[in-house]
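The following exercises are to be worked with the sequence and the coordinates at hand. Each task is followed by a solution in steps.

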Amino acid sequence: MAISAPERTPEKRVARLSSVSAKRVIEPDEEILGDFGPGQIIPDELLLTAGLDLKLTAEQRAIISRQQAAAMLDGGIRLEAVLLGGFGLMLASWPDLTDPRLVYLLHEVGEETRHSRLFVRMLTQLQPAAPNPFHDRIGRFVAKRIYRLTATHKLLLCTMVLAGEEIPDLIQRRAIEHPDTDDYLRRANTYHREEEARHIAFAGILMPELWSQSGWRDKWLVKRVAPSLVNLMVNTQLMHPGIYAAAGLPALRTHRAVLRSAAHRQLIAEAMRPVLKTVLASAPQMRGRVPRGWRRICQVDRHGRSA
Ligand SMILES: [Fe+2]
Ligand SMILES: [Fe+2]
């Protein structure tokens with residue numbers, strides 16, 4: 001008689017993630033040291049402007065590479081801060097304080113604060129960072145409301161955290177794999193991706209449970225609002241017109257051209273498909289009825305299939 005593998009309950013899978021996090025505590029202030037090299041730190045093919053018909057000087061390419069890295073770090077710190085706020089609220093109202101999920105949430109919070117401290121250091125080293133024009137008074141007013149909405153709705157938070165992990169993860173993976181990426185950036189990305197892989201796995205365990213516990217409004221936010229919030233996060237935080245202005249390019253025109261380019265849309269679709277996969281695993285009834293926003297951002301059909 002064949003012996004089947006012992007069933008891995010969500011509790012056991014979460015406890016396993018916690019034990020890996022406990023054994024492998026990385027303090028970036030001790031293990032990820034150094035500074036960026038001079039000039040261009042991201043190779044030509046991975047510059048945001050790569051798909052555009054632009055003749056850039058070596059200096060412009062260097063500026064764009066440093067500014068796009070700075071924008072990702074800035075956006076990453078803000079996203080992780082929303083995660084910390086949302087997870088803090090979840091922890092405060094968690095019904096059972098002996099639940100292994102709560103222990104893992106605490107590990108994740110600890111890891112994110114270490115990431116953010118590293119990102120702040122890297123951002124400081126990249127100074128002067130180009131100002132993000134979306135961080136004006138109106139932009140900050142809108143952002144604050146979106147942060148609050150996200151942090152106070154668990155299912156939306158889980159979806160946005162996953163999107164905010166998958167998109168940088170793909171960008172960081174491409175940078176790591178390219179031989180011309182700056183060594184300091186590569187080491188930081190490698191460290192970050194290793195811990196984020198566990199966070200992504202945890203979100204995959206948590207999302208189906210949250211989905212079954214959530215009301216129609218929270219589900220509606222994920223179905224109808226999340227894709228727009230992801231677009232806002234990418235188009236106004238992780239990438240912004242100030243990057244191009246710093247290199248002497250027309251800021252808004254270049255930003256729009258980057259966002260419309262096939263390379264950019266492909267990148268976001270590739271990063272967002274695993275997020276949709278997790279949503280569909282949590283809500284199989286959505287298959288055949290994938291909302292328009294998700295279809296557009298992931299470039300998939302109503303069943304969630306890519307062409
Ligand atoms: Fe992180
Ligand atoms: Fe994370």
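## Exercise 1: Helix α6

Task: Determine how the span of α6 compares with the expected value, and how many of its residues are buried.

Solution. The model is a predicted one. Step 1: α6 comprises 24 residues, and from its first C-alpha to its last it reaches 34 Å, close to the 34 Å expected at 1.5 Å a residue. Step 2: 18 of the 24 residues of α6 are buried, so that the helix is mostly covered.

## Exercise 2: The two iron ions

Task: Identify the protein donors of the iron ion (ligand 1) and of the iron ion (ligand 2), and find the residue that bridges the two ions.

Solution. Step 1: The iron ion (ligand 1) has as protein donors Glu80 (OE), Glu112 (OE), His115 (ND1), His192 (NE2) and Glu196 (OE), at 2.0 to 2.3 Å. Along the chain, these donors follow the spacing E-x31-E-x2-H-x76-H-x3-E.

Step 2: For the iron ion (ligand 2), the coordinating atoms come from Glu112 (OE), Glu165 (OE), Glu196 (OE), Glu196 (OE) and His199 (ND1), at 1.9 to 2.5 Å. Here the spacing along the chain is E-x52-E-x30-E-x2-H.

Step 3: Glu112 coordinates both the iron ion (ligand 1) and the iron ion (ligand 2), and the two ions are 3.8 Å apart. Distant parts of the chain are linked: Glu112 lies in helix α4 (residues 100-125) and Glu196 in helix α7, 84 residues apart.

Step 4: Are Glu112 and Glu196 buried or exposed? The cut-off for buried is under 20% relative accessible area. Glu112 has a value of 1% and is therefore buried; Glu196, at 2%, likewise counts as buried.

## Exercise 3: The cavity

Task: Establish how many cavities of 30 Å³ or more the structure holds, and describe the lining of the largest cavity.

Solution. Step 1: Searching the whole structure gives 1 cavity of 30 Å³ or more. The space in the largest cavity is about 60 Å³.

Step 2: Its lining consists of Phe87, Glu108, Cys158, Val161, Glu165, His199, Phe202, Ala203 and Leu206. Two or more of the lining residues come from each of α6 (154-177) and α7 (183-213). The most is given by α7, with 4 residues.

Step 3: By class, the lining residues are 6 nonpolar, 1 polar and 2 charged. Glu165 and His199 belong to this lining, and both also coordinate the iron ion (ligand 2).

## Exercise 4: Helix α11

Task: Locate the bend in α11 and list residues of this helix that are buried.

Solution. Step 1: Helix α11 (residues 262-282) has 21 residues and a reach of 30 Å from first to last C-alpha, close to the 30 Å expected at 1.5 Å a residue.

Step 2: At Met272, α11 bends by about 30°, and the proline Pro274 follows within four residues.

Step 3: Buried residues of α11 include His264, Leu267, Ile268, Ala271, Met272 and Val275.

## Exercise 5: Val258

Task: Place Val258 in its helix and decide whether Val258 is buried or exposed.

Solution. Step 1: Val258 belongs to helix α10 (residues 251-260). Step 2: Its relative accessible area is 1%, so Val258 is buried. Step 3: Glu45 is 213 residues from Val258 along the chain, and their C-alpha atoms are separated by 13 Å.

Methods. Residues are numbered from 1 along each chain as its sequence is written. Chains are lettered from A and ligands numbered from 1 in the order in which they are written. This is a predicted model: local features need pLDDT of at least 70, side-chain atom pairs count only at pLDDT 80 or more; totals for chains, interfaces and linings use all residues. Side-chain values use heavy atoms; hydrogens and water are left out. On a 1 Å grid over the protein atoms alone, a cavity is a set of points where a 1.4 Å probe fits but cannot get out, and a pocket is an open set with protein on both sides within 12 Å along at least five of seven lines; lining residues have an atom within 4 Å of a point. Grid points are joined across faces, edges and corners, and a volume is the space filled by probe spheres set on the points. Ala, Val, Leu, Ile, Met, Phe, Trp, Tyr, Cys and Pro count as nonpolar, Asp, Glu, Lys and Arg as charged, and the others, Gly among them, as polar. Donors are N, O and S atoms within 2.8 Å of the metal (3.2 Å for Na, K and Ca); water is not among the atoms, so sites may look incomplete. Buried means under 20% relative accessible area, exposed over 50%, partly exposed in between (1.4 Å probe, protein chains only). The expected span of a helix is 1.5 Å times one less than its number of residues. The bend at a residue is the angle between axes fitted to the seven residues ending there and the seven starting there.
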